[in-house]
Amino acid sequence: MNATLKTIAERFSCRDFADTPLTDEQANALAEAALAAPSGVNRQPWHVIIITDKALIEELDAEGMRILAEAEDQSTYERMMSRGGKLFYNAPCMFMIAADAGAAMDCGILSQNLALAAHSLGLGSVICGMAGTPINGPKGEAYKARLQFPEGYGFGIGVLVGTPNSIQKPHELDRKKLTYIR
């Protein structure tokens, strides 16, 4: 198996990060991997915001949990509480992807580039749609300004990155999801 296929096969969603910050070299390598993502007609409809300010990540986490705690449907809040009560799993770095309208697929490609690059560097990652909770909440406009979202951009996706506290097995492959037409 070549190195790329091995990285894909071994990558897992990390939900338990050590306090170890990323080095500048790691953060820069991941930023380059993100920007290398292809996009439809090369529009590159994103802006990558790299957050290593631990206090800010914790503030966003607390605001997201507050929003979930006040939601009518408590299932997501209860799930997060069962995982330790944190949206961002103590991650020391968050890649917040701001995007223009209609960029969901392109943001998905970018986030996969980031996740695979992180794994290839021995880091853990989790692609985190929940990072949008504080951005889309009541304080969202203030957070967008603070995070320097470009004008007219909204939340695209988040990717949490850091040193994993433990190595997990990747999810089981469900080969029933395959159809070959020959």
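This report walks through a buried arginine, a helix, a strand and some salt bridges in a predicted model.

## A buried arginine without a partner

Let's start with Arg11, which sits in the loop between helix 1 (3-10) and helix 2 (24-35). Arg11 is buried, yet it has no salt bridge. The nearest side chain of opposite charge belongs to Glu10, and that is 11 Å away.

So what does the side chain of Arg11 have for company? One of its polar atoms lies 3.2 Å from the backbone oxygen of Ser125. Leaving aside neighbours within four places in sequence, Arg11 is also in contact with residues including Ala115, Leu116, His119, Val126 and Pro170.

## Helix 5 and strand 3

Helix 5 (residues 104-120) has 17 residues and reaches 24 Å from its first C-alpha to its last, close to the 24 Å expected. Among its buried residues are Ala115, Leu116 and His119, which are also on the contact list of Arg11. The buried residues of helix 5 pack against helix 1, helix 2 and strands 1, 2, 3 and 4. After the helix comes Gly122, with a positive phi near 85°.

Is strand 3 (residues 124-128) largely enclosed or largely open? Four of its five residues are buried, so the rest of the structure largely encloses it. Strand 3 pairs with strand 4 (residues 154-162) in the antiparallel sense, over five bridges. In that pairing, Gly124 stands opposite Gly162.

## Salt bridges across the chain

How many salt bridges turn up in a search of the whole structure? There are seven. Side chains of opposite charge can pair when their charged atoms come close.

One of the seven joins Asp100 and Arg43, at 3.3 Å from N to O. This pair links distant parts of the chain: Asp100 is in the loop between strand 2 and helix 5, Arg43 is in the loop between helix 2 and strand 1, and they are 57 residues apart. Another salt bridge joins Arg146 and Glu59, at 2.7 Å from N to O. Arg146 lies in helix 7 (residues 140-146) and Glu59 in helix 3 (residues 54-70), so this pair ties together parts 87 residues apart in sequence.

## A network around helix 3

Arg66 and Glu63 form a salt bridge too, with their closest N and O atoms 2.7 Å apart. Because they are three residues apart in helix 3, about one helical turn separates them. Arg66 is partly exposed, at 30% relative accessibility, while Glu63 is buried, at 4%. Salt bridges with shared partners join Glu63, Arg66, Glu70 and Lys139 into one network.

Definitions and conventions. Residues numbered from 1 in each chain as written. Predicted model: local features only at pLDDT ≥ 70, side-chain atom pairs only at ≥ 80, totals over all residues. Heavy atoms only, no water. Helix = DSSP H or I, 4+ residues; strand = E, 2+ residues; numbered from the N terminus. Buried < 20%, exposed > 50% of the residue type's maximum accessible area, 1.4 Å probe, protein only. Lys, Arg positive; Asp, Glu negative; His and termini not counted. Salt bridge = Lys/Arg side-chain N within 4 Å of Asp/Glu carboxyl O. Polar contact = N/O pair within 3.5 Å; in protein donor to acceptor, adjacent residues only side chain to side chain. Contact = heavy atoms within 4.5 Å. Pairing = 2+ DSSP bridges. Expected span 1.5 Å × (residues − 1).
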